[in-house]
Amino acid sequence: MSAPELAWQVVRDIGVHRCRFGQMGGAIDNFTEAAAPRAGEDDDESLLVLKAKAQLAYFEPGPALATIGKARKYPGNLLHCRALYETGDLEGHLLTSANGRRHQRPVAGHRQQDFTAELDLGLSTFDCTLGERAGASLLEYRHRFEEIAAEQREHRQRAVERPRWKVLAEAGECDVISVLETVRREAPLREQVRRKKNKQILGQIHLGRGWEDWMFIEELLPTGRYGSVVRLPQTKQSSAAMDRLVDECYTKVSGRVRTSQACFPMYSLRHGRFGPQSNNRREQFELEELFKFRYRAYRAVYNQFDRMYELRAAGQTNELLRYGGEILNEFYKTTTVRVLPAKGKLVRELCNLIGLAILDGLRIPPSLMDAPPDRRLLLLFAVPPAKESKVVVPVFGDISTYRDPTEPDHDYLRYKSKIAELERRYQRVQYPIERCLLDYQMARQHLLNGWLDDVKVMGNRMIDEAIGCGSHLWQLIGLLTVAKALCAQHNLEQLAVQLRAAARLVQSRLPDERIAFFIEVSQKLNRDLQMKKLGQSLELDRTLVG
């Protein structure tokens, strides 16, 4: 045996060995290298069969069809049928399978059974995708297929060739910018969760246990959670290679899922699982599943309220605000009224619980009278001190005292990011009382960062929303929020007006001795400051007159 013949056999055996371990990409390269010296020999189709099998396993049905297209014997013909099916040519697959079964001699044995199985697969695919009604409709209108295809080609050609201003001119409109603007709208949160769940179901049906790998590859895409980890700016070459690998894997697996879904759609699986509609098995199953989801939802709601009551009893208002905001933004946005019939009532109870926890924080400090008179109102309303910029004097040789003049203010960026997140959530709220809670959270962020005018805007908006939804609790919180901003601004006249409105509301709608006493103390302190300010003004006037 000559050296070239031994060489291609060794390369072929290496490819077979790689196939056993799932290394299909390297196996295809080995089979291609082994087939190069034997390009003129047509008798042996073993290399073509091995290469086509590896390409089908690597999900390259197009190259596999080109590789096995010239096969004349049994294994190659069978692979030719499989490659046609994987490429989506169902009519060609059915015709080739029927011819392969007819050409087998003798008419028996495993070869005949293999082609019969391929023929049954093609017929069952047509039954699942079309059914009796769609199949009859296609047969009835098959003479119009060429006409419909010509209309579609003409429409695509017209859409490509004709400029936008001509289309708008015929419609009687004016093209101002002459540029097509693409507005990318983000789907609602519930729609995003629904699409993700449907994709997981498709993966579980058509990929089996491999659906988790498919979801992980999707997270590695540029729009995924770990896209930035794959594409590191420090490693450009390896990041580019990883990017190509991830994109290739996701494209192949997604194409396989789409092909499987096209051959065996969901409605055919449901019909095969539940049978005809007359037995009502599908409706009974959906009702049972609804009760299961409803039980889980209510169990989660009760656990959430238990946790919130514990936080309120412990006085952890900030943690309660964070936890309640997460629940409203995640759980209640993705849970429908069909699963949770009392959704509106539960949302109101959750927001009112947070509001009561906020009012629990209105307490008179024991050291109130020990503070200076002009600081007592600030201490009573727990107004945070104004932020002062830290001035660090640079010391030569001490790197810890160096400050980059171009470095941004990270505290301000965090504040703006939090406000932007709350504004995005504000656009998706379903109940007015949720807007009251979001207004309070934004007012709290403004107050912590010293934007007092924005605090008053948020407080007034909270009052309007509370009046609209009939919530006296959040109306009182809005009045006290505006009063807190006025107290920080030392606007005593407007603060007296807000405190009188809050006192009337407590007396008429929310009778509570503790809150009434708190407002009474704040009014007394405010009157003392007003009298002190008036005395100073009179003394100044006498000084100027004298």
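Visitor: Which residues form a nonpolar patch on the surface?

Guide: A patch joins residues with over 30% relative accessible area and no salt bridge (a side-chain nitrogen of Lys or Arg within 4 Å of a carboxyl oxygen of Asp or Glu); like charges are joined within 9 Å, and nonpolar side chains (Val, Leu, Ile, Met, Phe, Trp, Tyr) within 5 Å. In this predicted model, L138, Y141, F145 and I148 form such a nonpolar patch. Together they have about 350 Å² of accessible area, computed by the Shrake-Rupley method with a 1.4 Å probe, where only the protein chains shown count as cover for residues.

As the model is predicted, local features need pLDDT of at least 70 and side-chain atom pairs count only at pLDDT 80 or more, while totals for chains, interfaces and linings use all residues. Residues are numbered from 1 along each chain as its sequence is written, and side-chain values use heavy atoms, with hydrogens and water left out.

Visitor: Does I148 count as buried, partly exposed or exposed, and why?

Guide: Buried means under 20% relative accessible area, exposed over 50%, and partly exposed in between (1.4 Å probe, protein chains only). I148 counts as partly exposed because its relative accessibility is 34%. I148 is found in helix 9 (residues 145–161); helices (H or I, at least four residues) are DSSP runs, numbered from the N terminus.

Visitor: How many residues has helix 5, and which of its residues are buried?

Guide: An α-helix has 3.6 residues a turn, so residues three or four places apart point the same way. Helix 5 (residues 74–87) has 14 residues and reaches 20 Å from its first C-alpha to its last. That is close to the expected 20 Å, which is 1.5 Å times one less than the number of residues. Y74, G76, L78, L79, C81, A83, L84, Y85 and E86 are its buried residues. Just after helix 5, G88 takes a positive phi of about 95°.

Visitor: Where is A36 found?

Guide: A36 is found in the loop between helix 2 (24–35) and helix 3 (46–57). A36 counts as exposed because its relative accessibility is 54%. A36 and W8 are 28 residues apart in sequence, and their C-alpha atoms are 8.6 Å apart in space.

Visitor: What lines the largest cavity?

Guide: Rolling a probe the size of a water molecule over the atoms shows where empty space is left. On a 1 Å grid over the protein atoms alone, a cavity is a set of points where a 1.4 Å probe fits but cannot get out, and lining residues have an atom within 4 Å of a point. The largest cavity is lined by G325, L328, N329, K333, R425, V429, E434, L437 and L438. Helix 17 (317–334) gives the largest share of this lining, four residues.

Key:
Helices (H or I, at least four residues) and strands (E, at least two) are DSSP runs, numbered from the N terminus. On a 1 Å grid over the protein atoms alone, a cavity is a set of points where a 1.4 Å probe fits but cannot get out, and a pocket is an open set with protein on both sides within 12 Å along at least five of seven lines; lining residues have an atom within 4 Å of a point.
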